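User: Hello! I am new to this structure and would like to understand the terms used to describe it. Could you walk me through them?

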Amino acid sequence: MVDENKCIGCASCEGVCPVQAIKMKNDKAQIDESKCIKCCSCEGICPVDAIIIEDDKKDGKED
């Protein structure tokens, strides 16, 4: 999920995404959830913490 109020449109996340799931639209990052593999590369590189990847495995909520 991208917090559009925090996103500064730097596009760092778009460049680091290994599956090209992130595109910039109106200078804000948008994640295509159907392509996202939840690797969290974008979350780690975002300079303003505008991206939060919700993943059950990451949160320790495995089935």
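User: Which residues touch the most other members of the largest nonpolar core?

Analyst: I22 and I51 do, in a core of 14 residues. A nonpolar core is a set of buried Ala, Val, Leu, Ile, Met, Phe, Trp, Tyr and Cys residues joined through side-chain atoms within 4.5 Å. In soluble globular proteins, nonpolar side chains tend to be buried together. Please keep in mind that this is a predicted model, where local features need pLDDT of at least 70, side-chain atom pairs count only at pLDDT 80 or more, and totals for chains, interfaces and linings use all residues. Residues are numbered from 1 along each chain as its sequence is written, and side-chain values use heavy atoms, with hydrogens and water left out.

User: What does I51 touch, beyond residues up to four places away in sequence?

Analyst: Its contacts are M1, V2, C13, I31, C42, E43 and C46. Contact here means heavy atoms within 4.5 Å.

User: Why is C13 called buried?

Analyst: Buried means under 20% relative accessible area, exposed means over 50%, and partly exposed lies in between (1.4 Å probe, protein chains only). C13 has 8% relative accessibility, so C13 counts as buried. C46 has a relative accessible area of 13%, so C46 is buried too. Across the chain of 63 residues, buried ones make up 24%.

User: How many disulfides does the structure hold?

Analyst: Zero. A disulfide is a covalent bond between the sulfur atoms of two cysteines, and the test used here is a pair of cysteine sulfur atoms within 2.5 Å. For C13, the nearest cysteine sulfur belongs to C10 and is 6.1 Å away, so by that cut-off C13 is in no disulfide. C46 is in no disulfide either, with the sulfur of C10 as its nearest, 6.1 Å away.

User: What makes I45 partly exposed?

Analyst: I45 has a relative accessible area of 40%, so it falls in the partly exposed range. I45 is found in helix α2, residues 41-45. Leaving aside neighbours within four places in sequence, I45 is in contact with S12, C13 and V16. The C-alpha atoms of I45 and A11 are separated by 10.0 Å, with their positions 34 residues apart along the chain.

User: Which helices and strands does the chain have, and in what pattern?

Analyst: There are two helices and two strands, arranged as α-β-β-α along the sequence. Helices (H or I, at least four residues) and strands (E, at least two) are DSSP runs, numbered from the N terminus.

User: What makes β1 and β2 a pair?

Analyst: Two strands pair if DSSP finds at least two bridges between them. Strand β1 (residues 22-25) and strand β2 (residues 28-31) are joined by four bridges and run antiparallel, so they meet that rule. For K25, the bridge partner in β2 is K28. Their hairpin has two residues between the strands, and N26 takes a positive phi near 55 degrees there. Along β2 the side chains alternate: A29 and I31 point to one face and are buried, while K28 and Q30 point to the other and are not.

User: Why is D49 called exposed but Q20 partly exposed?

Analyst: D49 has a relative accessible area of 52%, so D49 is exposed. Q20 comes to 46%, so Q20 is partly exposed. D49 is in the segment after α2 and has a positive phi of about 55 degrees although it is not a glycine. Q20 is in the loop between α1 (12-16) and β1, and has a positive phi of about 50 degrees, although it is not a glycine.
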